[in-house]
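Colleague: I am new to this structure and would like a close look at one part of it. Please start there and then work outwards.

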Amino acid sequence: MTHIHPTQAAEFWEARYQDSERVWSGHPNPLLVREAGHLPPGTALDLGCGEGADAVWLASRGWQVTGIDISHTALARAAAHATEAGVGDRTTWERHELGVTFPQGSFDLVNAQFLQSPVRLDQEGVLRQAAAAVAEGGTLLIVMHGGWPSWQSEPPFEAEFPTLEGTLAELALPEDTWSVETMGAVRKESVSPEGVKGFREDNVWRLRRK
């Protein structure tokens with residue numbers, strides 16, 4: 001990763017969101033839809049919620065969702081999105097710098113989509129905290145990029161991408177209390193800012209606490 005001091009993470013992400021009116025598409029991540037669409041609604045924790053698309057989608061399906069992000073701007077946009085979608089009463093927004101602070105409580109679903117950052121992040125530690133926050137019978141859903149897009153000839157910074165088995169081993173989840181329901185790579189189309197078509201692989205883990 002780039003050599004940026006961890007205390008600069010808040011400044012980095014705040015500037016990222018303030019740089020444009022919208023950073024993300026406003027649509028839920030497809031692998032969240034695929035992996036959680038069949039789950040009965042309960043309580044959900046959305047880590048790194050950004051502008052709130054995943055949280056709003058879950059809330060629209062009956063979940064009571066707590067969205068977490070480091071950026072005040074992102075959280076304000078997420079709250080506005082939830083209000084516009086008519087699910088403001090089913091969403092709560094909290095600011096946390098993951099790796100430094102973590103929300104309290106246990107949840108039926110913990111959604112961790114693309115917790116990958118050009119600034120320093122204790123990814124392994126955060127994912128272990130995410131697993132600890134899953135209630136009995138609940139689900140931990142993790143999705144992360146498995147590598148750079150095919151059209152990325154020169155990566156913008158050094159990065160170590162997670163592997164399927166490596167991340168599962170880092171979580172160190174007891175087999176007698178956890179089961180692996182999904183673990184695999186998904187290839188999707190990817191287009192560069194210049195319009196070059198290619199693909200990217202994402203890794204997905206859906207784990208259930210027994």
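Which residues does His-96 touch, not counting residues up to four places away in sequence?

Modeller: His-96 touches Ile-68, Asp-69, Ile-70, Thr-101, Phe-102 and Pro-103, with residues up to four places away in sequence left out. Touching, or contact, means heavy atoms within 4.5 Å.

First, some ground rules. This is a predicted model, where local features need pLDDT of at least 70, side-chain atom pairs count only at pLDDT 80 or more, and totals for chains, interfaces and linings use all residues. Residues are numbered from 1 along each chain as its sequence is written, and side-chain values use heavy atoms, with hydrogens and water left out.

Back to His-96. It sits in the loop between β3 (91–95) and β4. Helices (H or I, at least four residues) and strands (E, at least two) are DSSP runs, numbered from the N terminus. His-96 has a relative accessible area of 13%, so it is buried. Buried means under 20% relative accessible area, exposed over 50%, and partly exposed in between (1.4 Å probe, protein chains only). The side chain of His-96 also makes a polar contact of 2.9 Å with the side chain of Glu-94. A polar contact is a pair of N or O atoms within 3.5 Å; within protein, one must be able to donate a hydrogen and the other to accept it, and residues adjacent in sequence count only if both atoms are side-chain atoms.

Now step from that loop into β4. This strand covers residues 107–113, and Gln-113 is part of it. Gln-113 is buried because its relative accessible area is 6%. Its side chain joins that of Asn-111 in a polar contact of 2.9 Å. Beyond its neighbours within four places in sequence, Gln-113 is in contact with Asn-29, Leu-32, Leu-47, Asp-54, Leu-141 and Val-143.

Asp-54 leads on to helix α3, where it is one of the buried residues. The others are Ala-53, Ala-55, Val-56, Trp-57, Leu-58 and Ala-59. Why is α3 (residues 53–60) described as largely enclosed by the rest of the structure? Because 7 of its 8 residues are buried. Those buried residues pack against two helices, α2 (30–36) and α4 (72–84), and against the strands β1 (43–47), β2 (64–69), β3 and β4. So β3 and β4, which flank the loop of His-96, both take part in the packing around α3. After α3 comes Gly-62, with a positive phi near 100 degrees.

Two residues other than glycine have a positive phi as well. Phe-114 has a phi near 55 degrees. Phe-114 is in the loop between β4 and α5. Its relative accessibility is 21%, so Phe-114 counts as partly exposed. Ala-172 has a phi near 50 degrees. Its place is the loop between α6 and β6 (178–191). Ala-172 counts as exposed, because its relative accessibility is 52%.

Those two loops bring in α5 and α6. Where they meet, α5 supplies Glu-124, Leu-127 and Arg-128, and α6 supplies Thr-167, Glu-170 and Leu-171. That contact holds 2 nonpolar, 1 polar and 3 charged residues. Here Ala, Val, Leu, Ile, Met, Phe, Trp, Tyr, Cys and Pro count as nonpolar, Asp, Glu, Lys and Arg as charged, and the others, Gly among them, as polar.

Next, Lys-210. It lies in the segment after β7 (197–209). Lys-210 has a relative accessible area of 55%, so it is exposed. It still has partners far along the sequence. Leaving aside neighbours within four places, Lys-210 is in contact with Glu-136, Gly-137, Glu-175, Asp-176, Thr-177, Trp-178 and Ser-179. Its side chain reaches the backbone oxygen of Glu-175 at 3.1 Å. Lys-210 and Thr-139 are 71 residues apart in sequence, yet 9.3 Å apart in space, C-alpha to C-alpha.

Last, the whole chain. It has 6 helices and 7 strands. From the N terminus, their order is α-α-β-α-β-α-β-β-α-β-α-β-β. The C-alpha trace spans about 45 × 40 × 35 Å along its principal axes. Of the 210 residues, 44% count as buried, and His-96 is among the buried residues. Take the contacts between residues at least 6 apart in sequence: 71% of them join residues at least 24 apart.
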